[in-house]
Amino acid sequence: MEEIFSFVKNNSVDLMKKRRGTIAFLLNPQSFEGGNNVYSPIYNSAIKSFLKSLAKEMNPFRVKVMGIILPLTQDTKSTRKYDLVTLKYKGISNEKQVQDILSLLKLSEILNGQIVSLGAELNL
């Protein structure tokens with residue numbers, strides 16, 4: 001968390017001087033499978049609050065702030081034993097994710113202070 005605060009602190013001054021720019025937080029979704037990602041609801045809530053607060057503070061300087069929840073990729077393997085009876089999410093390729101993120105960054109004026117989920121609806 002300190003790394004995020006210090007990064008924003010160091011780089012937001014330049015954006016404020018230029019009076020334009022976008023700060024985008026790329027977030028991992030909540031992991032129901034246990035997988036490789038460690039899920040912390042406290043950390044995710046802190047990031048959400050920080051993102052919304054920062055968006056309000058940066059708005060007078062015309063700097064946009066948004067969050068993008070990354071989808072599960074095609075490389076994600078499920079470790080659940082009951083996968084035979086559930087629908088399997090195919091995932092989105094990395095190239096498609098990059099295209100989607102770039103198109104969302106073009107809409108940062110509209111999405112200021114919002115958290116957008118790519119692909120299937122995923123929670124933080």
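## Helix α1

Helix α1 covers residues 2–18, which makes 17 residues, and spans 25 Å from its first C-alpha to its last, close to the 24 Å expected at 1.5 Å a residue. The model described here is a predicted one. Within α1 there is a kink of about 35°, and the kink is centred on Ser-12.

Ser-12 belongs to helix α1. Its relative accessible area is 8%, so Ser-12 counts as buried. Setting aside neighbours within four places in sequence, Ser-12 is in contact with Ile-23 and Met-58. Both of these contact partners appear again in the section on the nonpolar cores, where Ile-23 and Met-58 are among the residues with the most contacts inside the largest core.

## Overall layout

The chain contains three helices and three strands. Read along the sequence, these elements follow the pattern α-β-α-β-α-β. The chain has 124 residues, and 31% of them count as buried.

Contacts across the sequence can also be described for the chain. Among contacts between residues at least 6 apart in sequence, 76% join residues at least 24 apart.

## Strands β1 and β2

Strands β1 and β2 pair in the parallel sense, over six bridges. One position in this pairing is Phe-25, whose bridge partner in β2 is Gly-67.

The two faces of β1 are unlike in their cover: Ile-23, Phe-25 and Leu-27 form the covered face, while Thr-22, Ala-24 and Leu-26 form the uncovered one. Two residues of the covered face, Ile-23 and Phe-25, are also among those with the most contacts inside the largest nonpolar core.

## Nonpolar cores

In soluble globular proteins, nonpolar side chains tend to be buried together. In this model the largest nonpolar core has 13 residues, and those with the most contacts inside it are Ile-23, Phe-25, Leu-54, Met-58 and Val-65. The elements that give two or more residues to this core are β1 (22–27), α2 (41–58) and β2 (64–69). Of the contributors, α2 gives the most, with six residues. Apart from this core lies another, of eight residues, including Met-66, Leu-70, Ile-101 and Leu-118.

Val-65 shows what surrounds one residue of the largest core. Not counting residues up to four places away in sequence, Val-65 touches Ile-23, Phe-25, Leu-51, Leu-54, Ala-55, Met-58, Leu-111, Asn-112, Gly-113 and Gln-114. The list of residues that Val-65 touches includes Ile-23, Phe-25, Leu-54 and Met-58, which are named with Val-65 for the most contacts inside the core.

## Salt bridges

Side chains of opposite charge can pair when their charged atoms come close. The structure holds two salt bridges. One joins Lys-64 and Glu-109, with the closest N and O atoms 3.8 Å apart. Lys-64 lies in strand β2 and Glu-109 in the loop between α3 (94–106) and β3 (115–117), so this pair ties together parts that are 45 residues apart in sequence. Lys-64 is buried, with a relative accessible area of 8%, whereas Glu-109 counts as exposed at 59% relative accessibility.

The other salt bridge is between Asp-100 and Lys-96, whose closest N and O atoms are 3.1 Å apart. These two residues are four apart in helix α3, so about one helical turn separates them. An α-helix has 3.6 residues a turn, so residues three or four places apart point the same way. Asp-100 counts as buried at 17% relative accessibility, while Lys-96 is partly exposed, with a relative accessible area of 40%.

## Residues with positive phi

Arg-19 follows α1 and lies in the loop between α1 and β1. Although Arg-19 is not a glycine, its phi is positive, at about 60°. Arg-19 is partly exposed, with a relative accessible area of 38%.

Arg-62 is placed in the loop between α2 and β2. Its phi is near 60°, a positive value in a residue other than glycine. At 52% relative accessibility, Arg-62 counts as exposed.

Definitions and conventions: Residues numbered from 1 in each chain as written. Predicted model: local features only at pLDDT ≥ 70, side-chain atom pairs only at ≥ 80, totals over all residues. Heavy atoms only, no water. Core = buried A, V, L, I, M, F, W, Y, C linked by side-chain atoms within 4.5 Å. Buried < 20%, exposed > 50% of the residue type's maximum accessible area, 1.4 Å probe, protein only. Contact = heavy atoms within 4.5 Å. Expected span 1.5 Å × (residues − 1). Bend = angle between axes of the 7 residues up to and from the residue. Salt bridge = Lys/Arg side-chain N within 4 Å of Asp/Glu carboxyl O. Pairing = 2+ DSSP bridges.
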